[in-house]
Amino acid sequence: MVADLFSDFYQFADVFAFLILSAAGLAIIFGMMGVINLAHGEFIMCGVYVTSAAYHAGLPLPLAQACGAVVAGLIGMLLEVTIIRPLYSRPLDSLLVTWGISLVATQGTLIALGSTFPGIDTPGHSFSVGEYSFSSYRMVLFAASLCVLGFVYVLFMRTRFGVHARATMQNPGMAQALGVRKGIIYAVSFGIGTGLAGLCGALYAPTMNLIPTMGASFLVEAFVTVVVGGANVLLGTGPAAIALGVIRAGLNAWYGQVVGEIGLLIAVVLIIRVLPDGFSGWLTRRTS
Amino acid sequence: MKRRTLLAGAAALPLFNIIDSERAHADTKPIKIGLLEDISGDLAVFGIPKLHGSQLAVEEINGKGGILGRQIELMQLDPQGDNARYQEFARRMLQKEKVDLLIGGITSASREAIRPIVDRTNTLYIYTNQYEGGVCDASMISVGAVPEQQLSTLIPWMVEKFGKRVYTVAADYNFGHLSAEWGRTLLKPLGGQVVGEEFIPLGVSQFAQTIQNIQKAKPDWLYMLNVGAAQNSFFPQASAAHLDIPMGSPIKIMLGFEHKQFPAPVMANMYAAANWFEELDTPAAEDFKKRWRAKFPKETYINDMGYNAYVALYMYKMLAERAKSLNKDDIRKVIAKGDAGIDAPEGHIVIDPKSQHTSHHMRLLSVDKENKVHIVKDFGVIQPYWLGQVGCDLTKSNPKEQYTPDHLPPKR
């Protein structure tokens, strides 16, 4: 009984962590900045590869993972300044350009590093509850997803940078008139977004098979979570991941992964139909 | 009357000359072989060793004087794992380039996409992958291993060694479903029982629920038919959760070289039956590996797909030289004799006339806690007998169908 209850919680926590970690970076870049970033998966892949390379070069895993996040963040900032910046008012062009970046990144990685990359040992041990044994690292992922949610909330709601960033996204001209340096805000926000994508890759690196196209397996979940979350990502992403996590984990458990995946997508269609502004729109309407 | 025959004769003369010179030209013109392999996209990990296998064989054969004294010209296109592109490129190869032989295709879906296009021409097609078996088509030669070679060996051994309760984890497309069906069919006479069967959509990479379902069902061993890099993430996740249940699979290690990608002991306790894996250490195998490594020193692993791609060209050379022709019907007459074979690095292998599939020397391999591969058992040469047994006989008729244990040829 206890074992079954815990295992239900574990399954939910596992799906929740996957949704939050894959969506956090996109929530900032797509949700706040309005760039439909189709290269999101490749920033995740970048985090995975840098983590694995740093780990095999002898760094302890947490440090290697930090490297993965930082490198993805820096590459993101560089791309924002050079390629993305002229495209804020042209969302369809930015879609095309980020898709191009994703193609170049996967094929470039294939050519430069080959079709596979050495994996990393999953850290931590397993623990048993009743007849089931679980990987303790999955609990680390769950804790990390909560930390990421908290970090994004505090950064954008409780710091001066956050106020400037939100002001710039809402009305760049006015923010600039009040002395906010728009260029830096955009570059840093984009960098934080890709850095969080890199962090997602870094955290999942020890649990996956590393190939250049692996980013694609995060992309659907990331977009779905952000869209269901709605325009205000700070308010919406958490509830969206909870709702989708419960639906996905429940269907997975009762009917298997095929129904779980179909059910997730049907749930998204229904939620967007009933709540066109996503969870955040609904919550704002309720509270104001 | 007389004048007319004379005229006709005069008119015919230069025509003969043209045919003659064309024939002479044909004798020195290179043999065009079309190759369709995915060397970019998700399947690049398999497509690249396949391309290397073909390139190595062509270089060796050309270096020793080619086939029937003619050099081979390899024309390679990259369908990028897209079945529509497979069809487009197959048409281009067959109709525009008029290749003498078509080789390639990785997934069963890609093979089934181009087979009808090949069937409309008089060109021979060689499929170089191990697969779920059952294609009865006179235009196709299969050089990879099939279930009666990989599963009729592996499954009884697993049942005897570990027990009768089996849990199947399979990719949700034709290979996964058909191989799962093969598993059920083979387990029944052994008294085996499928205690759980899970189909996973391609691209799914998270397996916490599957791992827990397995622990609940308490199987004696796992029948692993998960496909692709995303689904391979099952192994590190299961290992981290301490699943520790023996696994059997027709596609792991020899094909996906998971033991070279994941750190030990992730692949420990995996068992597979294979005609080729790089750890095979017979003198012929060692010699082959040395030549491969000399040409492609950075290859992560020489997998069975790459090996089969290499063997396919030598098979074609033998067939063409025995037939003294590249014509499909002439080549099939050689196959019909029943002794059309070559000495491959795995051993002597022969094409079966009824199914046009290839016999293979099968060995059972296991992976230890250091991810090292050991040969556990030598099954000897196993014929691709299943199609012939259920009534496919390409020497008599050509149904161009794919049969499965649940879809057998009509009884005559």
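Okay, before anything else, a word on "domain": the domain bounds I'll use come from an automatic or database domain assignment. And keep in mind that what we're looking at is a predicted model.

So, let's start with chain B. It's split into domain 1, which covers 28-144 + 281-360 + 393-402, and domain 2, which covers 148-274. If you take the centres over C-alpha atoms, those two domains of chain B sit 29 Å apart. Where they touch, domain 1 of chain B puts in 13 residues and domain 2 of chain B puts in 16. On the domain 1 side, α4 (108-119) and α12 (304-323) of chain B each give at least two residues. And what kind of residues are on that domain 1 side? Five are nonpolar, five are polar and three are charged.

Now let's look at how the two chains meet. Here, 33 residues of chain B are in contact with 37 residues of chain A. On chain B's side, the elements giving two or more residues are α2 (44-63), β8 (193-200), α7 (208-217), α8 (228-232) and α9 (234-240). By class, that side of chain B has 15 nonpolar, 15 polar and three charged residues.

Next, a strand in chain B: β11, residues 270-274. Is it buried or exposed? Well, five of its five residues are buried. Here's a handy bit of background: in a regular strand the side chains alternate between the two faces of the sheet. In β11(B), Met270(B), Ala272(B) and Ala274(B) are on one side, Tyr271(B) and Ala273(B) are on the other, and both faces are covered.

Which strands does β11(B) pair with? One of them is β10 of chain B, residues 247-248, in the parallel sense over two bridges. There, Gly248(B) has Tyr271(B) as its bridge partner. Then there's β14 of chain B, residues 360-367, which pairs with β11(B) in the antiparallel sense over four bridges. In that pairing, Ala272(B) stands opposite Leu365(B).

Last stop, over in chain A: helix α9, residues 216-229. Let's do a quick sanity check on its length. At 1.5 Å a residue, its 14 residues should span 20 Å, and the end C-alpha atoms are 21 Å apart, so that agrees. Ten of those 14 residues are buried, so α9(A) is largely enclosed by the rest of the structure. Among the buried ones are Phe218(A), Leu219(A), Val224(A) and Val228(A), and Glu221(A) is buried too. Right after α9(A) comes Gly230(A), with a positive phi near 95°.

That's my tour, thanks!

How values were computed: Residues are numbered from 1 along each chain as its sequence is written. Chains are lettered from A and ligands numbered from 1 in the order in which they are written. This is a predicted model: local features need pLDDT of at least 70, side-chain atom pairs count only at pLDDT 80 or more; totals for chains, interfaces and linings use all residues. Two residues are in contact if their C-beta atoms, placed from the backbone, lie within 7 Å. Ala, Val, Leu, Ile, Met, Phe, Trp, Tyr, Cys and Pro count as nonpolar, Asp, Glu, Lys and Arg as charged, and the others, Gly among them, as polar. The expected span of a helix is 1.5 Å times one less than its number of residues. A residue is buried if 20 or more other C-beta atoms lie within 10 Å of its own, exposed if 12 or fewer, and partly exposed in between; C-beta atoms are placed from the backbone. Two strands pair if DSSP finds at least two bridges between them.
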